[in-house]
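I sat down with a fresh notebook page and a new model to look through. Here is the structure, so you can follow along.

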Amino acid sequence: MLGEVHSLSNDFPELQDVITSLMESDEEFAKENKRYTALDKEIRTLELNNGPIGDEDMHQLKHDRAVLKDALYQRLLSAKA
């Protein structure tokens with residue numbers, strides 16, 4: 001669906017405590033989460049404005065978001081263990 005929020009807290013509510021802990025204790029995680037959140041917001045804005053960029057560019061943004069999200073998720077799982 002267009003315009004969905006894909007924040008880590010929204011997509012992984014069961015890991016909220018881990019997300020909060022890493023945001024406070026891991027500067028690199030916090031930086032990457034900030035970058036992920038900005039990218040997600042950019043994609044959402046473009047979607048809601050009928051994608052005023054080319055399909056390939058939108059696909060690349062979504063790919064970049066997915067790669068970053070996967071990396072952050074792996075960090076969450078490692079911290080949870």
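My entries below go from confidence and overall layout to helix packing and the nonpolar cores.

**Entry 1, confidence.** I noted at the outset that this is a predicted model. I looked up the pLDDT, and the protein averages 91, with 95% of the residues scoring at least 70. I then went through the helices: confidence is lowest in helix H1 (residues 8-11), where the mean is 92, and highest in helix H2 (residues 16-25), at 95. I kept a reminder for myself that where pLDDT is low, the predicted coordinates should not be read in detail.

**Entry 2, layout.** I counted secondary structure and found four helices and zero strands. Reading along the sequence gave me the pattern α-α-α-α. Along the principal axes, the C-alpha atoms fill a box of roughly 40 × 20 × 15 Å. Of the 81 residues in the protein, 30% are buried. I also checked contacts between residues at least 6 apart in sequence, and 67% of them join residues at least 24 apart.

**Entry 3, H3 against H4.** How do H3 and H4 pack, by angle and axis distance? I found an angle of about 150°, with the axes 10 Å apart. The cut-off for roughly antiparallel is over 145 degrees, so H3 is roughly antiparallel to H4. The crossing of H3 past H4 is left-handed. I listed the residues that meet here: on the H3 side they include Phe29, Tyr36, Leu39 and Leu46, and on the H4 side they include Met58, Leu61, Leu68 and Leu72. Charged names turn up in the list too, among them Glu28, Glu32 and Arg35 of H3 and Lys62, Asp64 and Arg65 of H4.

**Entry 4, H2 against H3.** I turned to the other pair, whose axes come within 6 Å and cross at roughly 110°. That makes H2 roughly perpendicular to H3. Ile19, Leu22, Met23 and Ser25 of H2 make the contact with Glu27, Phe29, Ala30 and Asn33 of H3. I logged the H2 and H3 crossing as left-handed.

**Entry 5, the cores.** Which residues make up the largest nonpolar core? I found 11 in all: Leu8, Phe12, Leu15, Val18, Ile19, Leu22, Phe29, Tyr36, Leu68, Leu72 and Leu76. H2, helix H3 (27-48) and helix H4 (55-80) each supply at least two residues of this core. Apart from it I found another core, of five residues, including Leu39, Leu46, Met58 and Leu61.

**Entry 6, Phe12.** I finished with one core member, Phe12. Leaving out residues up to four places away in sequence, Phe12 touches Ile19, Lys69, Tyr73 and Leu76.

Technical notes
Residues are numbered from 1 along each chain as its sequence is written. This is a predicted model: local features need pLDDT of at least 70, side-chain atom pairs count only at pLDDT 80 or more; totals for chains, interfaces and linings use all residues. Side-chain values use heavy atoms; hydrogens and water are left out. pLDDT is the predictor's confidence in each residue, from 0 to 100. A nonpolar core is a set of buried Ala, Val, Leu, Ile, Met, Phe, Trp, Tyr and Cys residues joined through side-chain atoms within 4.5 Å. Buried means under 20% relative accessible area, exposed over 50%, partly exposed in between (1.4 Å probe, protein chains only). Contact means heavy atoms within 4.5 Å. Axes are lines fitted to C-alpha atoms, for helices over the stretch in contact, and angles run from 0 to 180 degrees between N-to-C directions. Angles under 35 degrees count as roughly parallel, over 145 as roughly antiparallel, 65 to 115 as roughly perpendicular and the rest as oblique. A crossing is left-handed if the near helix is turned anticlockwise from the far one by less than a right angle, and right-handed if clockwise.
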